Amino acid sequence: MTIPPETAAGLETTTAAVTEIADELPLPREVDHDSETHTRRGEQRAFDSILFSSFGGPDGQEDVIPFLRNVTRGRGIPDERLEEVAGHYRALGGRSPITEQNRAMIASLQVELAARGIDMPVYFGNRNWEPYNADAVTALHADGHRHALGLVTSAYSSYSSCRQYREDFAMVLEETGLADEVTIDKVRVYFNHPGFLDPVADGLEQALRSLGDAGHDVDRIAVLFSTHSVPLSMAEASGPEETRVEGSSGWYVAQHLAACRYVMDRVDDALPQLPSWRLVYQSRSGAPHIPWLEPDVNDVIEEIAEQQSADAVVVVPIGFVTDHVEVVWDLDTEAKETAQEHGLAFVRVATSGTDPRFIKALADLVQERLDPAFPRQEVTDFGPTPDVCGANCCVGRMCRPTTSGVDSARDVQRARAAREQEQAAGAGTSGAGTSGAGTAGADAS
């Protein structure tokens, strides 16, 4: 399906005409914000640890190709094609900034939790590189912990940004033999927490003020909110089955648009006039014949230049949590170069990352699971987000076990049965043992 984040755009990229595909798609079915679809609470457990889980990234030049093999496992992509993407990492010394950024977030989170009197150790694991989730789970079990809360570096609902983490947690428990001893409950998606969105709003306000100080009229500035593109089929499947509409953009797009509206409302409170804005996409990869969410950020920048509709663009990575390689390369390098080639001023807003408000938001996500009375902050017009995902929420192509869903027990049993059938047939592999193979991005979304 797709290539995960931290892989640069395009093992097989195409340049399509700028079309508002997302705008043309129907919206998902709305469900009452007071219904369980939006408000379902997780089981109260004696949570004793935190699994901070992210995408992972190479630590040096020798790690780049092995890391990309992990990311694309199961797709049969030859090393010579992986080397094309590896160039983006090699330009940064072969080291992804995501690991260092995550460790800084963890350190700040530990301080914040201690200040709140929450005594829970934080274990760090990744889906695609060391330290792996399996290492973290093995360690927390060895230290005597049995009920972990999973904090992930993705803020939205989709297969790659939510369900794949739920699958990875369940697969790790299966593969380590700890499924009957350890639980991992993923916290809710948090795109609607003010601690995630307010730093973005402040960054956008500062960018607009700086462009104004440089002589740019607000009506000649275009704001482009950027997120990871995904296949249309993945967008349609995002969200629980009761919200699904054939051919729709799903919860993935609906949540992003809600986040954009909130940010623009915040900026509207601070500035006398607002520029135009739109949601755009980046990092498209995969076979050219498979439709993905569009328009691409570079295509939009070119369109703006051709139509002479603006003199400056502000790119806001609304779909990402940290300034990892995908942000640094796809936006700070490629999108910036596209703007410069067409004579447009360019400013990129920072992600929330280690902003103290975002760290407090992560602590809130922990505390709301520890204390049912703790107030939940959910500020967008999308409504609340549930602790436990609904039936078939963000379902993927393969049968894998999950955690943190109303149908997780069924998923585990189906995956075990599928594995047993494959082993009986001599396949030697299982649907529960191909962590992340052939799936996409929007990590840190």
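These legends go with close-up views of a predicted model.

**View 1. The largest nonpolar core, with Ile318 as a way in.**
The largest nonpolar core has 69 residues. Those that touch the most other members are Leu151, Leu204, Phe225, Val263, Val314, Ile318 and Leu362. Helix 10, covering residues 250-270, is the top contributor to this core and puts in twelve residues. Nonpolar side chains do tend to be buried together in soluble globular proteins. What does Ile318 touch once residues up to four places away in sequence are set aside? The list runs through Tyr156, Phe196, Leu197, Val200, Phe225, Ser226, His256, Ala259, Cys260, Val263 and Leu279.

**View 2. The open sheet of four strands, in the order 6-5-7-8.**
Pairing is parallel throughout this open sheet. Strand 6 and strand 8 take the edge positions with a single partner strand each, so each has one side without a neighbour in the sheet. Ignoring direction, neighbouring strands are turned against each other by 25 degrees on average. Zoom in on strand 5 and strand 6, and you find a parallel pair joined by seven bridges. Phe225 has Leu279 of strand 6 as its bridge partner, and Ala222 sits opposite Ser276, also in strand 6. Edge position or not, strand 6 is mostly covered, with five of its seven residues buried.

**View 3. Helix 8 laid across the sheet.**
Helix 8 spans residues 194-213 and lies across strand 5, strand 7 and strand 8. Against strand 7, helix 8 runs at about 165 degrees. That angle is over 145 degrees, so the two count as roughly antiparallel.

**View 4. Helix 12 and what its buried residues pack against.**
Helix 12 covers residues 325-341, and its buried residues are Val325, Glu326, Val327, Trp329, Asp330, Leu331, Ala335, Thr338 and Ala339. Which elements do the buried residues of helix 12 pack against? On the helical side there are helix 4 (79-90) and helix 11 (297-307). The strands are strand 5 (221-228), strand 6 (276-282), strand 7 (312-316) and strand 8 (345-348). Just past the end of helix 12, Gly343 adopts a positive phi of about 70 degrees.

**View 5. Strand 1, buried on both faces.**
All of strand 1 (residues 49-54) is tucked away: six of its six residues are buried, so the rest of the structure largely encloses it. Side chains in a regular strand alternate between the two faces of the sheet. Here one side carries Ser49, Leu51 and Ser53, the other carries Ile50, Phe52 and Ser54, and all of them are buried. Strand 1 has parallel partners in strand 3 (residues 147-152), through five bridges, and in strand 2 (residues 122-126), also over five bridges. Ile50 is a handy residue to look at for both pairings: its bridge partner in strand 3 is Leu149, and Val122 stands opposite it in strand 2.

**View 6. Helix 6 crossing helix 7.**
How do helix 6 (residues 133-142) and helix 7 (residues 159-176) cross? Their axes come within 10 Å and cross at roughly 60 degrees, and the two helices are therefore oblique to each other. The crossing is right-handed. At the meeting point, helix 6 offers Asn133, Ala134, Val137 and Thr138, while helix 7 offers Asp168, Phe169, Val172, Leu173 and Thr176.

**View 7. Leu365 and its surroundings.**
Leu365 belongs to helix 13, residues 356-370. Is Leu365 buried or exposed? Its relative accessibility is 0%, so it counts as buried. Leaving out neighbours within four places in sequence, Leu365 contacts Leu151, Val187, Arg188 and Tyr190. Leu149 lies 216 residues from Leu365 in sequence, yet their C-alpha atoms are 9.5 Å apart.

**View 8. His38 and its contacts.**
His38 sits in helix 2, residues 36-39. With a relative accessible area of 3%, His38 is buried. Beyond its neighbours within four places in sequence, His38 is in contact with Val31, Asp32, His33 and Trp251, along with Phe382, Gly383, Pro384, Thr385 and Pro386.

How values were computed
Residues are numbered from 1 along each chain as its sequence is written. This is a predicted model: local features need pLDDT of at least 70, side-chain atom pairs count only at pLDDT 80 or more; totals for chains, interfaces and linings use all residues. Side-chain values use heavy atoms; hydrogens and water are left out. A nonpolar core is a set of buried Ala, Val, Leu, Ile, Met, Phe, Trp, Tyr and Cys residues joined through side-chain atoms within 4.5 Å. Buried means under 20% relative accessible area, exposed over 50%, partly exposed in between (1.4 Å probe, protein chains only). Contact means heavy atoms within 4.5 Å. Two strands pair if DSSP finds at least two bridges between them. Axes are lines fitted to C-alpha atoms, for helices over the stretch in contact, and angles run from 0 to 180 degrees between N-to-C directions. Angles under 35 degrees count as roughly parallel, over 145 as roughly antiparallel, 65 to 115 as roughly perpendicular and the rest as oblique. A crossing is left-handed if the near helix is turned anticlockwise from the far one by less than a right angle, and right-handed if clockwise.
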